[in-house]
Amino acid sequence: QVQLVESGGGLVQAGGSLRLSCAASGRSMSTAPMGWFRQASGKEREFVAAIVWNGINTNYADSVKGRFTISRDNAKNTLYLQMNDLKPEDTSVYYCARLRFFSPAAPVDYWGKGTLVTVSS
């Protein structure tokens, strides 16, 4: 069993930055691709970013490309999402996930419970 716990969400003004963290416990995540997803109120959950097990390859949704950076520290069993130049449309609950394979469409083996990011205009 794997538990994923997100942190770092909060309220920020447009143009600001936040760094989300996802701490994994239980089975190690160091050999699995990981991802971030988000879900805005009244909308479906959408892919944000993914990273392979060793951090060499990453993938981003077009809406966040150039503003968000996904990274991981396998020694700490922690996944990160650095979010810069935040926009009101980035307001969502952000979820950490362990992916079955490296793809935005990959099945998710485990989900975190999410952390809320609110961007004010």
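In the predicted model, R98 is a buried residue, with a relative accessibility of 10%, and its side chain takes part in a salt bridge with D109 in which the closest N and O atoms lie 4.0 Å apart. Because D109 belongs to strand β10 (residues 108–111) and R98 to strand β9, this pair ties together parts of the chain that are 11 residues apart in sequence. The acidic partner, D109, counts as partly exposed, at 27% relative accessibility, whereas R98 falls under the 20% limit that defines a buried residue.

The contact between R98 and D109 belongs to a set of six salt bridges found in a search of the whole structure. Side chains of opposite charge can pair when their charged atoms come close. Another of these pairs is formed by D90 and R38, for which the closest N and O atoms are separated by 2.9 Å. This salt bridge links distant parts of the chain, since D90 is located in the loop between β8 (78–83) and β9 (92–99), while R38 is located in strand β4 (residues 34–39), with the two positions 52 residues apart in the numbering. Both partners are buried: the relative accessible area is 1% for D90 and 4% for R38. The pair is also part of a wider arrangement, in that R38, E46, R67 and D90 are linked in a network of salt bridges.

A further salt bridge brings together the side chains of D62 and K65, with an N to O distance of 3.1 Å. In this case the acidic residue, D62, counts as exposed because its relative accessibility is 67%, and the limit for that class is over 50%. The acidic residues described here thus include one that is exposed, D62, one that is partly exposed, D109, and one that is buried, D90.

With regard to covalent cross-links, the count comes to one disulfide, which joins C22 to C96 with an S to S distance of 2.0 Å. The link of C22 and C96 is left-handed, with an angle of -70° about the S-S bond. As C22 lies in strand β3 (residues 18–26) and C96 in strand β9, the disulfide ties together parts of the chain that are 74 residues apart in sequence. Both cysteines, C22 and C96, are buried. Strand β9 therefore contributes a residue to the disulfide, namely C96, and also a residue to a salt bridge with strand β10, namely R98.

Key
Residues numbered from 1 in each chain as written. Predicted model: local features only at pLDDT ≥ 70, side-chain atom pairs only at ≥ 80, totals over all residues. Heavy atoms only, no water. Helix = DSSP H or I, 4+ residues; strand = E, 2+ residues; numbered from the N terminus. Buried < 20%, exposed > 50% of the residue type's maximum accessible area, 1.4 Å probe, protein only. Disulfide = S-S within 2.5 Å.
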